[in-house]
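Biologist: Could you take me through one part of this model up close, and then show me how it sits among its surroundings? I would enjoy a connected account that I can follow on screen.

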Amino acid sequence: MTLRNLARLGLGLLLLTGLLASGVKAHAEEPAEILNVSYDVGRELFADLNPVFQQEWQAKSGQTITVNQSHGGTSKQARSILEGLKADVVTFNQVTDVETLHKKGDLVVADWQSKFPNSASPFYSLPSFLVRAGNPKNIKDWDDLTRDDVRVIFPNPKTSGNARYTYLAATAYALDKFGGDQAKATEFVKKIFANVPVFDTGGRAATTTFVERGIGDVLITFEAEVQGARKEFGPDKFDAVTPSLSLLAEFPVAVVDKVADARGSREVSTAYLNFLYTPEAQEIIARHAYRATDEAVSKKHAAEFPAVKLVKVEDVFGGWDKVAKEHFASGGLLDQVFVNQ
Amino acid sequence: MTEIPMTPPRSYRRRHVIPGFGLTMGITIAYLGVVVLLPILALILKAAGLSAAEYWAVISSARAVATYKITVGSALMAALANAAIGLLLAWVLVSYEFPGRRVLDALVDLPFALPTAVAGISLTALLGPNGWVGQFFESAGIRLAYAQPGIVIAMAFTSLPFVVRTVQPVLEEFDPEAEEAGVMLGANDWQIFARVIFPSILPAFIAGCALSFARSLGEFGAVIFIAGNLPMETEITALLAVIRLEEFEYPAAAALASVMLLAAFVMLFITNAIQLWHLRYVRGD
Amino acid sequence: MAGFPSPIGSAVVTDLPAPHAAADENARKHRRRVGQGPVIRRVLIGLAVLVGAVFLLLPVAVIFAHAFRLGLGPYWEAISESSTAHAIWLTVLTAVVVVPINTGFGIAAAWAITRFSFKGKKLLITIIEIPFSISPIVAGVAYLFLYGSQGLLGPLLKAADVQIMFTVPAILLASLFVTSPFVARELIAVMQMQGNEYEEAALSLGASGFKTFLTVTLPNMKWGLLYGAILCNARVMGEFGAVSVVSGNIRGETNTLPLQIELLFNDFSSVGAFAAATILTLLALVSLCGKLWLERQR
C-alpha cells in the first residue's frame, strides 16, 4: 500500500467516524433531557436507575426523556451549579450542599426537605471500611485508624460530602468514647487525619487510589461503595469491615427550582425524584448496597446489611445548621484537624 | 524577518504595494486580544486581587513548594533523558540506512499526535504494578507508576520529538568535508564526533532540550493518570491549581496558575534567546 | 509547549535549513565517515529501534490490547455506548469549528507578518506563540476567570443571562486558545520563504488584491496550510487539560473524547476507556500519515 493510499484510507476513516458519530448523536438527541448532578460514587447506581425511569416515563407520558448524569464530589458539584452548571435535579449525599444552593444562589426553595418523603432522602448509607484481603492490619474499629502503622484513605472533606461523613462519624465515635469531650474527640480525629497520605477530590478517586494504586491499609467510604468495590474487583481481594458505630448518611434530593422552571422540566424532574421512592427503584438501590427506606424492600434485604449502631447528625451534633457553623465553617473544628497545606 | 525585500524609504503616507495590511492586521490583533490576551489578563487580575502577603502565603506553602520541586525536578530529568534518546534517534535516522528507518522516523512524531490523556492511561497500564513493563520492575522492588519515575517517563514521552526534530536537520546539513578532514588528520570516530560534529549541533541540541523541558513543565494530561497525585510526593503544580479550584479557593488557584504563567514566559524567553543564538551560529556570524 | 516542531523551522528559526528538502540525503549518508564501523553501527541502530519499539510502539499496542481484551463484542458495545458516541461527536464538532477559525486566523496573521514590515513584529510573533508555551491547565483556569460567575466578565454575562462556562462554547473557546498558533506558525514560515515577488507581479499586472491572494498566494501555500491544519486538528481532538477545567463533565453533553476516557477510567470501565482511546489513537495515526504524505508532496 502506498502512502498516498494510506492517507486516503485515513481520510476515509476520519469521515466515517464523523458520520457514524453524528448518526448516533442524531439518534440520541431526541426530545427532552434533564441533568442529574450527583455525588461521586453514585455512578453505577444511577446508570441502573435511569433506564427504568425512562421506560416508565415513556409509558406514562409518551415522551422520550434522557437523564444525563454528572458525578463528582458534592461540594464541588454544588459550586459548579452556582457557577452556572444547568442541573435540573441534584442527588447529593449531604444536606449542607443542597443548603448551599439555597443560600448562595437561591436556586432551591428554602423548604426543599419537605418536598419529598423522609426529609427528601430516598435512601441512606453509612461510612464503612474496606481493607485488604485477610485484614492484615487487623482493623476493626475507628480506634485502629489512629494507630501509627495504619494508612487511611478517604477524600478531601472540603470537596466531598462522603469525606465529611467520615469526619462526622469519627467525631461521633470519639464523642461517644470520651463521654462528649469535644477536645479529646478533636485530638482523636486529628490522629486519623494525620494518617491520610492523599486527599482525592471525590469518593471515586479515593477508591481508585486504594484499590488500583494500592495505597493505604483502609478505605473509608459509603457502605455501598465498599460493597461495590468488592464486587468490581473480587471479594477475595478485599474485606468489608463495619465499625461498631457509624453515622447515618442521608442522600438528599432536590429539584433545582430555578433551572427546572427556566427549562420547563419541573414536571419530569419531580417525577424522576419521586420515582426513587418506588419499590422498583428501591429494589435497585438495595441491590447496590444502599439501605432502602421502603420497608418491604428493606426487610427483604435485611440479611445483607450488618447491624451497626447508627447515630444521626440531629442527635449527636444538634442538626446540620449547627454542624455547618461549628464544624465546616472556615476556621471551624474541621479546619483544626484537616490542615490543608 | 527583516530581510523581506521591501523595506522602502520611510515616506510618511506611503501606500503599501500589497493590499490588506489593515484587514489582516486588524483580524490578527483582534483575535489574539480576545482569544489569547483577554483570558490571561483575567487570570492576572484575579491573582492581583490577593494582597502581597496572601499571595506569598499561597505560593510559598509547603505543599506548593513541594509541587514546584517535583514538577521542575521531573521535567529536568525528562529533558535529560530526551537529550540522550533524542540525540541517539537523530543520529541514527540521519546517518544510517536500514529497513524500517522511515517507519521509525514517522513514529518519532507520535507523542505529539497522540492525545495526552491517551498517553496517560496507556503508560499507566504499561508501567502499573501489573503492566507489561511494570511487573518486572515491581518484582525488582522498583515502583514506576504512581511514583516519580512514572512522572518522568510520561513527561519524557510527551516531549520526545523536540530534541530529535531540532537536531536532525542540522545533522543532515552538516558538512561532510569537515568529517573528511578529521579522518585525514587521523582522529578517531569519537574525537571527530566530540570535537567537530557535536559543537556544530550544540545550539540546536540545547534548543531542543529547552523546548522539551518547557513542555514537560506544563504537561498535565499524561502526568495526572500516572502520578498517583500524593501531596508532597507526586503532586505537580498544575494539579494543585486544579485542586484549589475545586475547593473553591479561586484566588489560590489564580496565584498558582500565575506562577506557572511566569515560568512559561521565562521559558519562552529563554528558548527564543537560544534559537536566536542558534540562528546566528548557523549563519556563521 | 509548542506542538510539532515545524519541518521547515518555527517562525523564529525561519532561516534554518529545511530538513526534508535535503534532496541528496542519501549521497550525504554515504559520505558520513563517523560511526560507520560495523559494531558501532549495529549497536546504535539496535538501540534506536529498541527505544522506538519500547517507548513509542508499546504504548500504542497496550491501548489496543486492553480495548480488545474481552473481544470484539464488548469493544463495539463500549464504542457505541451513547455517552461515548456523543463524546466522539462533540470531539468532531470541536475540530470542525476550531480548525477553520484558526486557519483563517493563521492566514491573516501570516499575511500581515510576512507581507509587510512594521514595528513590533517580533513581539507579535511571540504573542502568537504564547499558547504553545502555556500549560493547558493555565489556559483553562484563565478562561474560568474570564467567563465564570466570579470572573472578569461574570457580572456582565449574568446580566445578559448568557452561560458560557460548562457549556460547549466554553470547550470551543478553550480549544481555540490552545491551538491558535499551529496554522499561523506554519504559514509564516512558508510565506517567509516564498517572498512576495509573485504577488507584486500579479498586482502590477492589475489583479485585485483578493484575486492575487486566491490565484497566487493560496496555491503556493496550500501544503503549508494543510500541514498546519492537520497539526491543529490533531491537537484539538486530543486537548485535555484546558477543556477539563471549562467543561462541566456532563456525560453525553460536555464530555469530549479525552474527558470521556478519564471518566470511564474512573468508572472502573477499563475496556470502555481504552476503547475510546483507540479512536483517538487511530486519529493520531491518521494525522501522522497525513503529515508524512504532505512532506512527500513538497
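Modeller: Gladly! Let us start with a cut-off that we will need at once: a residue is buried if 20 or more other C-beta atoms lie within 10 Å of its own, with C-beta atoms placed from the backbone. Please keep in mind that this is a predicted model.

The part to look at is strand E2 of chain A, residues 65-71. By that cut-off, six of the seven residues of E2(A) are buried, which leaves the strand mostly covered.

What does E2(A) pair with? Its partner is strand E1 (residues 32-38) of chain A; the two run parallel and are joined by seven bridges. You can pick out individual pairs on screen. A:Asn36 has A:Gln69 in E2(A) as its bridge partner, and A:Ser38 stands opposite A:His71 in E2(A).

Between these two strands comes helix H2 of chain A, residues 43-61, and E1(A), H2(A) and E2(A) together make a right-handed β-α-β unit. H2(A) lies across E1 and E2 of chain A, and its direction is at about 165° to E2(A).

Now step back to the whole sheet. E2(A) belongs to an open sheet of four strands, in the order E2-E1-E3-E11 (chain A), and the pairing in that sheet is mixed. Its edge strands are E2 and E11 (253-255) of chain A, each of which pairs on one side only. From one strand to the next, the twist averages 20°. So here is a nice pair of facts to hold together, and the word "edge" should not mislead you: E2(A) pairs on one side only, yet six of its seven residues are buried.

Next, look at helix H3 of chain A, residues 74-82. Eight of its nine residues are buried, so H3(A) is largely enclosed by the rest of the structure. The buried ones are A:Thr74, A:Ser75, A:Lys76, A:Gln77, A:Ala78, A:Arg79, A:Ser80 and A:Ile81. What covers them? The cover includes E1, E2, helix H4 (95-105) and helix H6 (161-177) of chain A, together with helix H13 (237-246) of chain B. Our strand is thus part of the cover of H3(A), and so is a helix from another chain. After H3(A) comes A:Gly84, which has a positive phi, near 120°.

Chain A has another sheet for you to set beside the one that holds E2(A). This open sheet has three strands in the order E10-E4-E12 (chain A), with antiparallel pairing. Strand E10 (249-250) and strand E12 (291-292) of chain A are at its edges with a single partner strand each, so one side of each has no neighbour in the sheet. Two bridges join strand E4 (residues 123-125) of chain A to E10(A) in the antiparallel sense, and the partner of A:Ser125 in E10(A) is A:Ala249.

Since H13 of chain B helps to cover H3(A), chain B deserves a look as well. Chain B has 14 helices and zero strands. Its C-alpha atoms fill a box of roughly 70 × 65 × 30 Å along the principal axes, and buried residues make up 52% of its 285 residues. In the loop between helix H12 (221-227) and H13 of chain B you will find B:Met232. Its phi is positive, near 75°, although B:Met232 is not a glycine. With 15 C-beta neighbours inside 10 Å, B:Met232 counts as partly exposed.

Chain C, too, has 14 helices and zero strands, and 57% of its 298 residues are buried. One helix pair there is good to inspect: the axes of H4 (residues 82-115) and H8 (residues 168-179) of chain C come within 10 Å and cross at roughly 50°. H4(C) and H8(C) are therefore oblique to each other, and their crossing is right-handed. Residues making the contact include C:Leu90, C:Val97 and C:Ile101 of H4(C) and C:Ile171, C:Leu172 and C:Leu176 of H8(C). In the loop between helix H7 (154-159) and H8 of chain C sits C:Asp161, which has a positive phi of about 55° without being a glycine. C:Asp161 has 7 C-beta neighbours inside 10 Å and so counts as exposed.

Conventions
Residues numbered from 1 in each chain as written. Chains lettered and ligands numbered in written order. Predicted model: local features only at pLDDT ≥ 70, side-chain atom pairs only at ≥ 80, totals over all residues. Buried ≥ 20, exposed ≤ 12 C-beta atoms within 10 Å, placed from the backbone. Pairing = 2+ DSSP bridges. Right-handed = clockwise from strand over helix to strand, strands pointing away. Axes fitted to C-alpha atoms, helices over the stretch in contact; angles between N-to-C directions. Parallel < 35°, antiparallel > 145°, perpendicular 65-115°, else oblique. Left-handed = near helix turned anticlockwise from the far one by under 90°. Contact = placed C-beta atoms within 7 Å.
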